[in-house]
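User: Please take a close look at one part of this protein, the stretch where a helix gives way to what follows. Then work outward from there, and keep it brisk.

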Amino acid sequence: MRLSEIAANAEVKYEIAEAMRRRSLPHAILIEGEKGCGKHTLADILAEYAVCRAEGERPCGVCPDCVKAQKGIHPDIVTVDGSQSGALNIEAIRNIRSGAYIKPNEAENKVYLLLQCEKMLPPAQNAFLKVLEEPPAHVLFVLTAVSATTLLQTIRSRVRTFSMYPPSPAEAAEVLEKMFPDKPQEILIQAAQDSSGNIGAAIECLNSGGEEEKKAAEAIFRAIPLAAEYPLLLQTNSIIQNRAFALGVLERLCELASDCVKASCGVKRVSPVAAELAGGIPLKRLITIQRNIQQAREVLNYNVNLNFYGTWLCAALRRNENGGNYG
Ligand SMILES: [Zn+2]
């Protein structure tokens, strides 16, 4: 069941699962909760349920309707994002209203996902009320908002409200592990903690992190062999904005160092960047750099103060094979 993609919120998930099982979902649903707590994911699951035509459990996840819903291309699922200018103004609501009475194209039902309804002003809400009073039988309205109180009482009395809460960091990490099976567990736990359990924010951080971390790792590696210490210090101090990022950079650095050693030993299949970086550095020194990086990576497993880590890392990466510093 796709509901397991949502962290925590056991009560909401149970109620929704029961309603789906009995095929008795209300025609108008409001999901309230702060950004990143899973409102959009739940809304997508409800939409998939409404268009799915499987005999057994819905959404089945594999029928043509479910697949189209997952790809965001189902003709009977209309998503309106309130954060876009004018998306939920009175004109837009009137269009939604008249469209709602037209029969679905492919599925048995038609779904309107109205996201960020806190952006819907009272005149538009009043226009929307008309279709909520007598919703066509084939329509499911799913509204999301940071809080139900941003909507008129008349709207609230005609929708079934589900309140969602952000999960604890531990619960968030559990969900992230399923979504990012290749990422080291510490990075996932850290991302969950950095975002206070807010799954949406953690995913954003994990997704956008990859390229940035790679760039930072390369910049650090380039600065290690330089005679002057300052360029390296500048780079190491730029990665301590949060622990997940620092961990990601150190992971990349470990990979890079290992590739550089391989390149220096004549292994052909390493990245061009590693081959370039390894050029000109004696193998013995590369091995020392690799060992220093691995040790610095280990240190991050302990609860070190990040404010000092940047400076410490700079010195640690410049340690030579005899334990002293290059300079
Ligand atoms: Zn299906």
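Analyst: Start at Ser196. This residue follows helix H8 and has a positive phi, near 50°. That value comes from a predicted model, like everything below.

Now step back into the helix. H8 spans residues 185-194. Several of its residues are buried: Ile187, Leu188, Gln190, Ala191 and Ala192. Gln190 is on that list alongside Ile187 and Leu188.

H8 also feeds the largest nonpolar core. That core has 51 residues, and Phe221, Ile239, Leu250 and Ile293 touch the most other members. H8 is one of the helices that each supply at least two residues to this core. The others are H7 (169-179), H9 (199-223), H11 (243-264), H12 (272-278), H13 (283-299) and H14 (306-317). H11 gives the most, with 13 residues.

Take Ile293 as a way into the packing. Leaving aside residues up to four places away in sequence, Ile293 touches Phe221, Ile224, Leu250, Leu253, Cys254, Ala257 and Leu317. Two of these partners, Phe221 and Leu250, are also among the residues that touch the most other core members.

A separate core lies apart from this one. It has 28 residues, including Leu42, Ala69, Val142 and Met164.

Another buried glutamine sits elsewhere. Gln125 belongs to helix H5, residues 122-133. Why does Gln125 count as buried? Its relative accessible area is 2%, and the cut-off for buried is under 20%, so Gln125 qualifies. Beyond residues up to four places away in sequence, Gln125 touches Met120, Thr150, Leu151, Leu152 and Ile155.

Next, the metal. A zinc ion is held by the SG atoms of Cys52, Cys60, Cys63 and Cys66, lying 2.3 Å from it. The spacing of these residues in sequence is C-x7-C-x2-C-x2-C. Angles among the four donor atoms run from 105 to 117°, and the site is tetrahedral. For reference, the ideal tetrahedral angle at a metal is 109.5 degrees. Exposure varies between two of the donors. Cys66 is buried, at 0% relative accessibility, while Cys60 is partly exposed, at 28%.

A salt bridge joins residues in this part of the sequence. Arg53 pairs with Asp65, with the closest N and O atoms 2.7 Å apart. Arg53 lies in the loop between helix H2 (39-51) and helix H3 (64-71), and Asp65 lies in H3, so the pair ties together parts twelve residues apart in sequence. Asp65 is buried, with a relative accessible area of 5%. Arg53 is partly exposed, at 39% relative accessibility.

That pair is one of 17 salt bridges found in the whole structure. Another sits within a single helix. Glu18 and Arg21 meet at 2.8 Å, N to O. Both lie in helix H1 (residues 10-21), three residues apart, about one turn of the helix. Arg21 is exposed, with 58% relative accessibility.

One more set is linked into a network. Arg2 and Glu5 form a salt bridge at 3.1 Å, N to O. Arg2, Glu5 and Glu48 are connected in a network of salt bridges. Glu5 itself is partly exposed, at 39% relative accessibility.

Methods. Residues are numbered from 1 along each chain as its sequence is written. This is a predicted model: local features need pLDDT of at least 70, side-chain atom pairs count only at pLDDT 80 or more; totals for chains, interfaces and linings use all residues. Side-chain values use heavy atoms; hydrogens and water are left out. Helices (H or I, at least four residues) and strands (E, at least two) are DSSP runs, numbered from the N terminus. Buried means under 20% relative accessible area, exposed over 50%, partly exposed in between (1.4 Å probe, protein chains only). Contact means heavy atoms within 4.5 Å. A nonpolar core is a set of buried Ala, Val, Leu, Ile, Met, Phe, Trp, Tyr and Cys residues joined through side-chain atoms within 4.5 Å. Donors are N, O and S atoms within 2.8 Å of the metal (3.2 Å for Na, K and Ca); water is not among the atoms, so sites may look incomplete. Four donors count as tetrahedral if all angles lie between 85 and 135 degrees; four count as square planar and six as octahedral if opposite donors are over 155 degrees apart and all others between 65 and 115; anything else is irregular. A salt bridge is a side-chain nitrogen of Lys or Arg within 4 Å of a carboxyl oxygen of Asp or Glu.
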